[in-house]
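Visitor: I'm new to reading protein structures, and I'd love a close look at just one part. Could you pick a sheet with its surroundings and walk me through it slowly?

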There are 2 protein chains.
Amino acid sequence: MSARILKNSVSYIHGLSVHNETRELLAGVLEGSRAHLARAITLIETKHPGKHQQAQWLLTSLLSHRNKLKKSNKLRDTFRIGFSGSPGAGKSTLIETLGKSLTGLDHRVAVLAVDPSSSRTGGSILGDKTRMPKLSSDPNAFIRPSPSGGTLGGVTRNTQEAILLCEGAGYDVIIVETVGVGQSETVVADMVDMFVLLVPPAAGDELQGLKKGIVELADLVLVTKADGDLLPAARRIQTEYSSALRLVRRALNYPWKPRVLRVSSFTNEGVNEAWETMTEYKETLLEKDLFNEKRMLQQKTWLWYHIQWQLMERFHSDPVVNDHLKDQEESVMAGRLTPGTAADNLIKFFIKQ
Amino acid sequence: MSARILKNSVSYIHGLSVHNETRELLAGVLEGSRAHLARAITLIETKHPGKHQQAQWLLTSLLSHRNKLKKSNKLRDTFRIGFSGSPGAGKSTLIETLGKSLTGLDHRVAVLAVDPSSSRTGGSILGDKTRMPKLSSDPNAFIRPSPSGGTLGGVTRNTQEAILLCEGAGYDVIIVETVGVGQSETVVADMVDMFVLLVPPAAGDELQGLKKGIVELADLVLVTKADGDLLPAARRIQTEYSSALRLVRRALNYPWKPRVLRVSSFTNEGVNEAWETMTEYKETLLEKDLFNEKRMLQQKTWLWYHIQWQLMERFHSDPVVNDHLKDQEESVMAGRLTPGTAADNLIKFFIKQ
């Protein structure tokens with residue numbers, strides 16, 4: 001089968017010579033090898049143009065393979081879930097608790113972290129291993145920590161492709177973990193089937209740490225640490241978020257109303273109910289034929305994300321643009337030029353080459 | 001003085017021959033003529049490349065003129081306020097009431113409408129005249145209805161430049177009115193000093209008509225129609241929004257906390273207090289040197305808006321890109337190509353020319 005995949009996929013990238021190493025990676029990923037999966041994700045994170053083409057070949061081959069499985073009804077359904085919350089919201093503890101319970105139910109669970117803060121401070125590779133000790137040693141789980149560098153755009157861009165790799169390696173529950181403080185949430189919401197917001201039972205001021213608009217993205221809000229002394233606070237937060245969610249507009253006829261539940265990773269209370277709610281969400285969307293429609297539209301959204309990112313990247317790295325950028329920016333900020341005129345000028349420099 | 005303006009400004013656009021009509025427009029705007037102002041705004045709304053250059057010359061000349069006034073301390077302070085709210089929130093009634101009271105206090109008031117819905121249905125020129133009858137006949141007020149066509153991006157893009165024209169014509173309070181349902185709010189928030197959200201005392205379901213995230217933009221929320229039978233509902237809405245705003249994160253050390261007030265355009269109750277709060281906001285920002293800093297940063301933001309818009313516009317209108325776009329989009333939506341690979345392909349078509 002490998003040979004056929006290669007033959008069909010290589011046609012997408014003209015004149016590309018596929019490295020043996022890339023072919024091995026593909027075979028390894030399809031066999032479900034965690035080591036190969038990890039290396040494949042590293043490959044798609046590359047900025048090197050040649051390696052980038054190898055990565056694109058790998059991804060396209062994987063898609064082609066999955067499309068064949070789909071046609072013969074052999075494709076296992078997958079479920080992509082975003083988990084967002086401030087640092088200290090209890091994300092890793094809950095993901096470990098939920099993840100262990102899911103592998104116990106024969107699911108294969110992949111956890112991908114999008115963490116802009118750790119990418120700034122230089123990586124959390126050790127951190128991720130130690131904060132989910134049980135899940136990282138589970139043979140049916142795969143945990144990918146945040147890359148130790150790169151822009152936010154780069155990180156999330158790779159994460160969307162890393163989801164495909166994980167699914168290709170046989171993982172059926174993909175959890176994308178993100179800190180609710182950056183600009184990453186909308187982008188993450190656009191790559192998952194369901195967006196879950198985690199909030200701790202904290203005082204009002206701490207709640208303000210939430211990113212603007214993030215509550216509006218949530219299909220489900222989980223109030224964490226809902227046990228012991230914190231239970232009354234958790235109940236209060238649950239009520240607050242329930243009424244905040246009432247102010248959120250949803251698409252007409254969308255068959256799902258966001259819910260707010262309490263969970264405790266310590267007593268396990270609410271964790272099963274949370275998973276049942278997630279599967280209920282999935283079933284509801286599947287029934288209404290909205291599940292795959294949402295994914296299809298997300299693919300299109302991602303095409304335009306990539307186009308915009310790449311255009312802006314090329315603009316930013318253009319040497320002639322950079323020769324004039326500072327001068328134009330200063331003129332705009334000093335009120336000597338309108339933003340529109342300065343943009344006209346810079347675009348002319350960009351296009352003329 | 002006109003001659004000097006021309007001499008200094010024309011250097012920004014090499015080889016441009018300035019039309020007599022454009023020179024007259026500039027002179028008229030600087031003299032405060034409403035007719036010239038209206039025609040100048042029409043000029044900046046143009047899509048015609050030649051006229052676009054005339055418009056850029058006009059705007060640059062205006063900036064240059066204002067910079068000279070600033071140096072000699074003759075520039076009158078201006079205040080740009082965004083008013084957003086769903087249809088039926090009572091925006092025009094409140095703007096008329098507030099506007100009349102401001103012209104009574106020797107302010108000159110300009111109202112610019114950004115209304116994506118009316119631009120779709122073909123314009124609200126008559127509508128705008130009739131819904132603010134007193135203000136539109138006031139010699140110290142200028143009302144510019146929404147353009148009757150064009151994309152949302154175009155409308156708001158022009159609005160930011162229309163603000164400059166109005167200020168050049170001597171208007172010191174600029175109200176930008178927008179319907180809180182589109183994608184325009186963030187963009188409007190980026191062109192005003194203060195963002196005011198208007199909400200009617202409606203039932204819960206109607207409140208859901210608010211755009212995601214719009215509450216988070218508000219420096220001030222005004223609960224409208226707070227009189228008679230609706231007063232209890234207005235009080236309830238005020239409480240709801242007060243607690244919703246508590247969930248919003250603000251920049252650290254930002255010296256302003258958003259407030260929620262009740263107003264009635266019918267009894268006039270709360271209208272003066274609302275204006276006092278607005279001026280208090282302005283004073284607070286001025287005191288902390290944040291007022292002009294905010295405007296400077298907004299100018300820079302607008303430079304990047306324009307760059308992004310123009311790049312995407314050129315991409316969309318590129319014939320070679322369009323030859324391949326549908327095919328690539330379909331491949332992406334069908335799962336045959338990753339969004340990243342398809343973007344690579346399309347960008348290659350765009351750049352190669």
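Guide: Sure, let's start with helix α13 of chain B, residues 231-246, which lies across strands β5 (194-199), β6 and β7 of chain B. Compare directions and you'll find that helix α13 of chain B runs at about 175 degrees to β7(B). One thing to keep in mind as we go: this is a predicted model.

Now for the sheet under that helix. Chain B has an open sheet of seven strands, in the order β3-β2-β4-β1-β5-β6-β7, with parallel pairing. At the edges stand β3 and β7 (259-262) of chain B; each has a single partner strand, so one side of each is left without a neighbour in the sheet. The sheet isn't flat like a board, either: neighbouring strands are turned by 20 degrees against each other on average, direction ignored.

Let's walk along part of that order, beginning with strand β1 of chain B, residues 79-85. Four bridges join β1 of chain B to β5(B), and the two run parallel. If you want a spot to click on, find B:S84, whose bridge partner in β5(B) is B:L197. Stay on B:L197 and look to the next strand: four bridges join β5(B) to β6(B), again running parallel, and the bridge partner of B:L197 in β6(B) is B:V221. Keep going from there. Strand β6 of chain B, residues 220-223, pairs with β7(B) in the parallel sense over four bridges, and B:V221 has B:V260 as its bridge partner in β7(B). That gives you a little trail of residues to follow across the strands.

Let's pause on β5(B). Which of its residues are buried? Six of its six are, so the strand is mostly covered. Here's a handy bit of background: in a regular strand the side chains alternate between the two faces of the sheet. In β5(B), B:M194, B:V196 and B:L198 are on one side, while B:F195, B:L197 and B:V199 are on the other. Every one of those six is buried, and both faces of the strand are covered.

Next, zoom in on B:L222, which lies in strand β6 of chain B. Is B:L222 buried or exposed? Its relative accessible area is 0%, so B:L222 is buried. Who surrounds this leucine? Not counting residues up to four places away in sequence, B:L222 touches B:V196, B:L197, B:L198 and B:V199, along with B:L94, B:L261, B:V263, B:A274 and B:M278. Four of those names should ring a bell, since B:V196, B:L197, B:L198 and B:V199 came up when we looked at the two sides of β5(B). There's also a nice example of how folding brings sequence positions together: B:L222 and B:G85 are 137 residues apart along the chain, yet their C-alpha atoms are separated by 9.7 Å.

Now jump to the other end of the strand order, at β3. The structure holds 18 aromatic pairs over all chains, and one of them starts here. The rings of B:F142 and B:Y171 have centres 6.0 Å apart and planes at 45 degrees, so the pair is tilted. B:F142 sits in strand β3 (residues 141-144) of chain B, while B:Y171 is in the loop between α9 (152-168) and β4 (173-179) of chain B, so to speak a link between distant parts of the chain, 29 residues apart. Both rings belong to buried residues: B:F142 has a relative accessible area of 5%, and B:Y171 has 1%. B:Y171 has another visitor too, as B:R108 lies over the face of its ring, at 4.2 Å from the ring centre.

For contrast, try an aromatic pair inside a helix. B:Y305 and B:W309 are stacked, at 5.3 Å centre to centre with 10 degrees between the planes. They're four residues apart in helix α15 (residues 291-316) of chain B, so about one helical turn separates them.

One last look, over in chain A, where A:H306 has its place in helix α15 (residues 291-316). A:H306 counts as buried, at 3% relative accessibility. Leaving aside neighbours within four places in sequence, A:H306 is in contact with A:R157, A:Q160 and A:E161, and also with B:P339, B:G340 and B:A343.

Conventions
Residues are numbered from 1 along each chain as its sequence is written. Chains are lettered from A and ligands numbered from 1 in the order in which they are written. This is a predicted model: local features need pLDDT of at least 70, side-chain atom pairs count only at pLDDT 80 or more; totals for chains, interfaces and linings use all residues. Side-chain values use heavy atoms; hydrogens and water are left out. Rings of Phe, Tyr and Trp (its six-membered ring) pair if their centres lie within 6.5 Å; planes under 30 degrees apart count as stacked, over 60 as edge-to-face and the rest as tilted. Buried means under 20% relative accessible area, exposed over 50%, partly exposed in between (1.4 Å probe, protein chains only). A charge sits over a ring if NZ of Lys or CZ of Arg is within 6 Å of the ring centre and within 35 degrees of the ring normal. Two strands pair if DSSP finds at least two bridges between them. Axes are lines fitted to C-alpha atoms, for helices over the stretch in contact, and angles run from 0 to 180 degrees between N-to-C directions. Contact means heavy atoms within 4.5 Å.
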